[in-house]
Amino acid sequence: MRLAVIGAGMAGILSAIKLDETGLTDFTVYEKGDRLGGTWRENTYPGLACDVPSHLYSYSFALTPEWTHRYSPGPEIHGYFERVARDHDVVRYMRFGDEVTACTFVDGRWQLETASGHRDEVDVVIAATGVLHHPRYPDIDGLDSFAGACFHSSRWDHHVTIDGARVGIIGTGSTAVQMVGAITERVEKLTLFQRTAQWVMPQENPAYTDEEKASFREHPDHLMTLHSNLAEAFGIFANAVVDSSSPEIKMIEDACLANLEDNVRDPELREALRPTYRAACKRLIISPNFYDAIQRPNAELVTDSIERVEPAGVRTHDGRLHELDVLVLATGFKANAFMRPMRITGRGGITLDEAWTPRPIAYLSISIPDFPNFFMLNGPNGPVGNFSLIEVAELQFGYIMQLVDRLRSGEYREISPSRAATDALEAERTKAAEKTVWVTGCKSWYLDDRGIPAVWPWSFERFRAEMREPTMEHYAPR
Ligand SMILES: Cc1cc2nc3c(=O)[nH]c(=O)nc-3n(C[C@H](O)[C@H](O)[C@H](O)COP(=O)(O)OP(=O)(O)OC[C@H]3O[C@@H](n4cnc5c(N)ncnc54)[C@H](O)[C@@H]3O)c2cc1C
């Protein structure tokens, strides 16, 4: 059996390690970038860190005593993925600098084409192409006319000096908040353009002491306990957000509110930073230092909406020109661009664009009717939120391997979900989404074009249970 994995981010590395372990060694991991790491290769902005604890944001089979902080910085996370891939000797499967441009299902196998003109033919495709991958650029008049440096947060330009510069940031998501905390004391002036105030959960980010690290090294079982305790704690959060009336949401809201009341001194600024929707409706912000940073004398929070960008800076609707040397677009990602712009053609010539009009849908976010033997990690409508996507990918991979085993044993030649099961699950999913916190009156990247959360709306236990074993009646195997 030959396989292709598309993408060498967290999920692609995981796939390579697990396939290699299972003895399925005839595969290639295609990666369009020049290095592995995905998100953690692309994002290099100052202040980048994970916002779930590092000991949770780790592969369960590669826990490490070496994390420097509770929420370790981006370069360290990237280094972790590189080290794990090297230690498991899977870099040799990776073909860098080659983008898969097309996958076509012909006579029971997938034909792949890459940007370099390379061709491959495989039995199984595992798409690990990422969710927060394609930058979303804002549609603002005059953006191209800006005379200073302007870039998306995931394309940070390290040739540009921000020390002593006047820096503007558009956006107030996790990325913007991390940047504000990291750069405000370095720049001459920091201007944060806010459309929506955020709930900010206070979280200290202490460094692990040498003693703590030594103790983790000496007692690997403590690391395992820490990992599972954190998974359990974050599972509570995952369950809370799917029930907007849950006491946990109220507790989160109270903690964020206390953070705002206790730590923002100026009443006017406090009101400007006060969210007007439920906590966790948008991805919850975790920060040890955002409120401190935005209260520095050289920081300004601008809540007037942006009218246009001019060569000298950003003009807001109140007529003010905010003069800037650097403009950073912390405006997020096209979260529904899954796998694009690859041309994917399934059984009978159906294209992914046809199958996903008007919007992406997948059975358990893993597979698509009429796209046999094609499986996604972190695909559409899956669990997202403030927990570890590594755990999600590990559970999904375990599920996919059970299907692959059925192909490998010859039990089936083609496995894809039935349309009836996919449609029924999707109907149940959109109904369940109605009682989640994501529909309580905010705009967020979780919502699809209808305003329905394009995410897993059930408990994390249900996700674990679904991933335990495929229900073969929901498939239309051949
Ligand atoms: C700033 C930021 C902070 C985050 N923090 C957290 C966090 O704290 N906790 C958490 O759980 N998650 C976090 N995430 C989400 C994060 O994206 C996931 O945790 C994880 O890194 C996703 O891994 P992935 O392999 O699925 O996708 P990615 O890391 O996006 O990797 C996908 C890879 O596929 C490659 N690729 C795509 N298309 C093709 C193609 N056609 N051909 C070849 N290669 C292709 C890309 O180049 C990329 O390397 C964060 C995301 C961002 C952007």
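Which element supplies the largest share of the shell around the ligand? Here are my notes on that and a few other spots; keep in mind that this is a predicted model.

1. The ligand's shell. The answer to the opening question is α2, which brings four residues to the shell around the ligand. This helix covers residues 39-42, and along with α1 (10-22) and β2 (27-31) it is among the elements that each put in at least two shell residues. In total, 35 residues surround the ligand. If you want a place to begin looking, try the closest ones: Glu31, Thr39, Asp51, Tyr57 and Leu389.

2. What the shell is made of. Sort those surrounding residues by type and you get 17 nonpolar, eleven polar and seven charged.

3. Polar contacts to the ligand. Three are worth clicking on, and each one involves an oxygen atom of the ligand. At Tyr57, a polar side-chain atom sits 2.5 Å from a ligand oxygen. At Asp51, the partner is a polar backbone atom, with a distance of 2.7 Å to an oxygen of the ligand. At Trp40, an N or O atom of the side chain is 3.3 Å from a ligand oxygen. As for cover, the ligand taken alone would expose 980 Å², and the protein buries 96% of that.

4. The β5–β6 hairpin. Now move along the chain to strand β5 (residues 109-114), which pairs with β6 in the antiparallel sense over four bridges. The two strands make a hairpin, with four residues between them. Look for Gly117 in that turn: its phi is positive, about 95°. To line the strands up by eye, find Trp110, which stands opposite Val122 in β6.

5. Two faces of β6. Strand β6 runs over residues 119-122 and has two unlike sides: Asp120 and Val122 make up the covered face, while Arg119 and Glu121 make up the uncovered one. So Val122, the residue opposite Trp110, belongs to the covered face.

6. His133. This residue is in the loop between β7 (124-127) and β8 (149-152). Is His133 buried or exposed? His133 counts as buried because its relative accessible area is 12%, and the cut-off for buried is under 20%. Leaving out neighbours within four places in sequence, His133 is in contact with Lys32, Glu42, Arg155 and Phe333. With Glu42 there is also a polar contact, side chain to side chain, at 3.1 Å. That partner takes us back to α2, which spans 39-42 and gives the ligand's shell its largest share.

Definitions and conventions. Residues are numbered from 1 along each chain as its sequence is written. This is a predicted model: local features need pLDDT of at least 70, side-chain atom pairs count only at pLDDT 80 or more; totals for chains, interfaces and linings use all residues. Side-chain values use heavy atoms; hydrogens and water are left out. A residue is near a molecule or strand if one of its heavy atoms lies within 4 Å of it. A polar contact is a pair of N or O atoms within 3.5 Å; within protein, one must be able to donate a hydrogen and the other to accept it, and residues adjacent in sequence count only if both atoms are side-chain atoms. Accessible areas come from the Shrake-Rupley method with a 1.4 Å probe; for residues, only the protein chains shown count as cover. Ala, Val, Leu, Ile, Met, Phe, Trp, Tyr, Cys and Pro count as nonpolar, Asp, Glu, Lys and Arg as charged, and the others, Gly among them, as polar. Buried means under 20% relative accessible area, exposed over 50%, partly exposed in between (1.4 Å probe, protein chains only). Two strands pair if DSSP finds at least two bridges between them. Contact means heavy atoms within 4.5 Å.
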